[in-house]
Amino acid sequence: MATRIPRYLHIIKNFPITRALFTPTGDQILATSSRPKICGLDVRTGEPFHVRPFNGQAQSRYFGLAVGPNPTDSPGLRSSQMYAVLGDPAVALLCDIATKNVVRTLRMRAPGVASAFCPESDTLFTADEECNIYEWHLGSGRCKQRISATSKVTCLTVRRTSSFSPTSILAVGTASGYVDLFDLSGPKISEKPVNSIQNLTTAVTGLQFHTEGELLVAASKFNQNALKLVHTGTATVFRNWPTFKSPLQKVSAMDLSRRGGLLSIGNEKGKVLLYRLHHYESGSG
């Protein structure tokens, strides 16, 4: 174990990470940076690796990293073998996890700002700087639909259906602090949000659905303790937590455990806080 420590430190020291995610099977970590390259880590061996430059895709940086759904949750989906990153000239690059090669280049009207895979279909959602939201079919690379958001989009996430969430929902974080919820149950995305959460006052920088879809976590890194738990069935924010005494500080990252019982919160002080969600936990974590 001791021999692996320098390797972990090396990849962090020489590669200022802006976003890092596990691949759908959890055996690798992919990371983007302010630099124009993508790095990763083999979880089993501790070996870092570099994704070679994409041929014909010169970029000054890669951002908006998203990975496909876990294959055990959605068997048979092609997207469970994919990841996506955004590039500078208004493109989203759809990549194969095994080879790291670009499978498709998806072109938007303006530079992209966010991307998210649908957990139940071979679909990728992206958003650009001009408030456009795109629904892409991954098999054909065709844009199935484009709608306009109410304000500048900052982040996206998609809720899967379950016994607690019978409707698939696209959650859209905005620069105004609103979180708009769009219904995905029909053949087309609803043109207007079915609900809008307005409890954050600065730009939304993080969104994450609970694994069963009954809870949405939204956060902004620009204010102290700017994190809200939303009950998605009623689109209402829990008032009893966090409180003004909760030591969240400015939230820079957050995530829910696979079983939904744990909420981890990283802040700009360099701390990671771990909370247990007793009502929403499934199994041990």
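## A tour from strand 7 outwards

Begin by selecting strand 6 (residues 82-87) together with strand 7, which pair with each other in the antiparallel sense over six bridges. The model is a predicted one, and the tour moves from this pairing to other parts of the chain. Within the pairing, pick Met 82, and opposite this residue in strand 7 you will find Asp 96. Then follow the backbone through the hairpin of strand 6 and strand 7, where three residues lie between the strands and Ala 90 adopts a positive phi near 60°.

Keep strand 7 selected and show its surroundings. Strand 7 (residues 91-96) is largely enclosed by the rest of the structure, because six of its six residues are buried. If you display the side chains, Val 91, Leu 93 and Cys 95 point one way from the strand, while Ala 92, Leu 94 and Asp 96 point the other way, and all of them are buried.

Next add strand 8 (residues 102-107), which runs antiparallel to strand 7 and is joined to it by five bridges. Here Leu 93 is the residue to centre on, since it stands opposite Thr 105 in strand 8. The hairpin of strand 7 and strand 8 has five residues between the strands, and in this hairpin Lys 100 is the residue with a positive phi near 70°.

Now go to Thr 32, which has its place in strand 2 (residues 28-33). Is Thr 32 buried or exposed? With a relative accessible area of 0%, Thr 32 counts as buried, because buried means under 20% relative accessible area. Setting aside residues up to four places away in sequence, Thr 32 touches a list of residues including Phe 15, Ile 17, Ile 38, Tyr 62, Leu 65 and Val 85.

A second buried polar residue to select is Asn 132, in strand 11 (residues 132-137), with a relative accessible area of 6%. Its side chain makes a polar contact, at 3.2 Å, with the side chain of Arg 146. When neighbours within four places in sequence are left aside, Asn 132 is in contact with Arg 109, Thr 126, Ala 127, Arg 146, Ile 147 and Ser 148.

Turn then to the aromatic rings, of which the structure holds two pairs. Select Tyr 134 and Trp 136, whose rings are stacked, with 5.6 Å centre to centre and 20° between the planes; Tyr 134 and Trp 136 are both buried. The other selection is Trp 241 with Tyr 275, an edge-to-face pair at 4.9 Å centre to centre with 65° between the planes. This pair links distant parts of the chain, 34 residues apart: Trp 241 lies in the loop between strand 20 (236-237) and strand 21 (251-256), and Tyr 275 lies in strand 23 (residues 272-276).

From Tyr 275, widen the selection to the open sheet of three strands, which has the order 21-22-23 and antiparallel pairing. Strand 21 and strand 23 are its edge strands, each pairing on one side only, and the twist from one strand to the next averages 20°. Strand 22 (residues 262-267) is joined to strand 23 by five bridges, and within this pairing Tyr 275 is the bridge partner of Leu 263.

For a last stop, select Arg 61 and Phe 63: Arg 61 lies over the face of Phe 63, at 4.0 Å from the ring centre.

Conventions
Residues are numbered from 1 along each chain as its sequence is written. This is a predicted model: local features need pLDDT of at least 70, side-chain atom pairs count only at pLDDT 80 or more; totals for chains, interfaces and linings use all residues. Side-chain values use heavy atoms; hydrogens and water are left out. Rings of Phe, Tyr and Trp (its six-membered ring) pair if their centres lie within 6.5 Å; planes under 30 degrees apart count as stacked, over 60 as edge-to-face and the rest as tilted. Buried means under 20% relative accessible area, exposed over 50%, partly exposed in between (1.4 Å probe, protein chains only). Helices (H or I, at least four residues) and strands (E, at least two) are DSSP runs, numbered from the N terminus. A charge sits over a ring if NZ of Lys or CZ of Arg is within 6 Å of the ring centre and within 35 degrees of the ring normal. Two strands pair if DSSP finds at least two bridges between them. Axes are lines fitted to C-alpha atoms, for helices over the stretch in contact, and angles run from 0 to 180 degrees between N-to-C directions. A polar contact is a pair of N or O atoms within 3.5 Å; within protein, one must be able to donate a hydrogen and the other to accept it, and residues adjacent in sequence count only if both atoms are side-chain atoms. Contact means heavy atoms within 4.5 Å.
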